[in-house]
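Hi,

Here is the structure I promised to pass on. Have a look at it first, and my notes are underneath.

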Amino acid sequence: MRAFVFPGQGAQTIGMGKTLADAYPQAAQVFQEVDDALGEKLSTLIWEGDAEALTLTANAQPALMATSIAAMRALAAEGFDLQGASFVAGHSLGEYSALCAAGALSLADTARLLRRRGTAMQEAVPVGVGAMAALLGLDLATVKKVAQEAAQGEICQAANDNDPAQVVVSGHRGAVERACEIAKARGAKRAVILPVSAPFHCALMEPAAHVMAEALDDVDIAQPGVPLIANVTATAVDDPTLIRALLVDQVTGAVRWRESVSFMAAQGVTEIWEIGAGKALSGMIRRIDKSIACKAVGSPDDIAALKE
């Protein structure tokens with residue numbers, strides 16, 4: 001059994017998706033449709049722009065989704081369609097890419113939703129007030145205790161349970177810095193403040209959750225062609241009403257990636273294709289379950305390798 005997964009923020013690079021667009025008209029059309037939906041040439045920023053501008057949350061989110069869907073359209077052109085998959089899943093914003101790939105959201109709606117999501121998440125917390133940090137070498141249970149101890153009346157939560165040895169905390173900057181120190185004292189191999197513009201997936205994102213509840217009310221969500229493994233529940237879902245609610249919960253809720261991969265493995269998934277930019281998810285998946293074969297698909301060369 002195969003699953004398709006879609007990367008989240010941090011995977012973006014200038015030039016991503018360009019070779020796909022050059023090689024496949026279907027991929028080029030994706031970038032054109034996203035440009036049209038947003039009323040601006042996001043593709044120019046992605047391919048020729050400034051890395052700092054691309055990293056801005058409001059740009060990175062639709063850009064990464066466009067690159068993933070371009071890869072999906074290129075795959076489809078070569079006969080690798082979604083019918084060959086049992087599940088889709090995505091890391092944070094990648095959940096929207098997954099839903100678009102599975103036909104639950106239109107490409108234009110997905111682009112506009114992610115632009116709105118990125119802007120809302122950025123505006124929810126003034127720059128400098130929040131932070132995120134990756135704690136390496138501690139399991140989720142230990143990190144939850146570290147976050148609780150570090151909070152001291154502020155917000156500090158486990159935000160991304162990425163793999164057995166990497167959990168990300170999010171919240172007020174002071175609390176996150178305290179969490180880093182406590183984690184090191186508890187035996188963490190490393191505790192690294194992440195270069196992100198806002199504290200995602202914690203209670204500080206509540207204003208953005210309200211914005212997304214309104215935005216999602218205005219779009220049609222169809223039943224996906226294959227079930228989605230939802231970030232906040234780490235289980236399969238295909239009911240549009242539930243998907244809508246989970247996308248709102250996801251703004252403040254933790255990304256349960258480790259459990260999501262384990263769930264897919266338990267359902268019989270033996271192969272996972274990472275669709276779009278980078279290979280970060282493949283690395284996580286290998287650390288979660290070495291028995292799962294991973295393939296990163298983000299270029300014409302990657303697609304050619306699948307045909308061999």
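Below is what I found, going from the sheet to a helix pair and then to two backbone oddities. Keep in mind that this is a predicted model.

**The sheet**

There's an open sheet of four strands, and its order is β4-β5-β3-β6 with antiparallel pairing. At the edges sit β4 (156-163) and β6 (190-193), each of which has a pairing partner on one side only. From one strand to the next, the twist averages 20°.

If you want to check the register somewhere, try β4 against β5 (residues 166-172): the two run antiparallel and are joined by six bridges. One residue to start from is Asp 161, whose bridge partner in β5 is Val 167. As a reminder, strands in a sheet pair through backbone hydrogen bonds, in either a parallel or an antiparallel way.

These two strands also have a helix across them: α13 (residues 280-288) lies over β4 and β5, and runs at about 80° to β4.

**The helix pair**

Next, have a look at α10 (residues 206-217) and α11 (residues 240-252). Their axes come within 8 Å and cross at roughly 160°. Angles over 145 degrees count as roughly antiparallel, so that is how α10 and α11 are arranged relative to each other. The crossing of α10 past α11 is right-handed.

Who makes the contact? On the α10 side you'll find Glu 206, Ala 208, Ala 209, Met 212, Ala 213, Leu 216 and Asp 217, and on the α11 side Arg 244, Leu 247, Val 248, Val 251 and Thr 252. Sorted by class, the α10 contact with α11 comprises eight nonpolar residues, one polar residue and three charged ones.

**Two positive phi angles**

Most residues other than glycine have a negative phi, so I picked out a couple that don't.

- Gln 152 is not a glycine, yet it has a positive phi of about 50°. You'll find Gln 152 in the loop between α8 (140-151) and β4. Its relative accessibility is 58%, so Gln 152 counts as exposed.
- His 201, also a residue other than glycine, has a positive phi near 55°. His 201 is in the loop between β6 and α10. With 2% relative accessibility, it counts as buried.

So the loop leading to the edge strand β4 holds an exposed Gln 152, while the loop leading to α10 holds a buried His 201.

Cheers

Notes. Residues numbered from 1 in each chain as written. Predicted model: local features only at pLDDT ≥ 70, side-chain atom pairs only at ≥ 80, totals over all residues. Heavy atoms only, no water. Pairing = 2+ DSSP bridges. Axes fitted to C-alpha atoms, helices over the stretch in contact; angles between N-to-C directions. Contact = heavy atoms within 4.5 Å. Parallel < 35°, antiparallel > 145°, perpendicular 65-115°, else oblique. Left-handed = near helix turned anticlockwise from the far one by under 90°. Nonpolar A, V, L, I, M, F, W, Y, C, P; charged D, E, K, R; others polar. Buried < 20%, exposed > 50% of the residue type's maximum accessible area, 1.4 Å probe, protein only.
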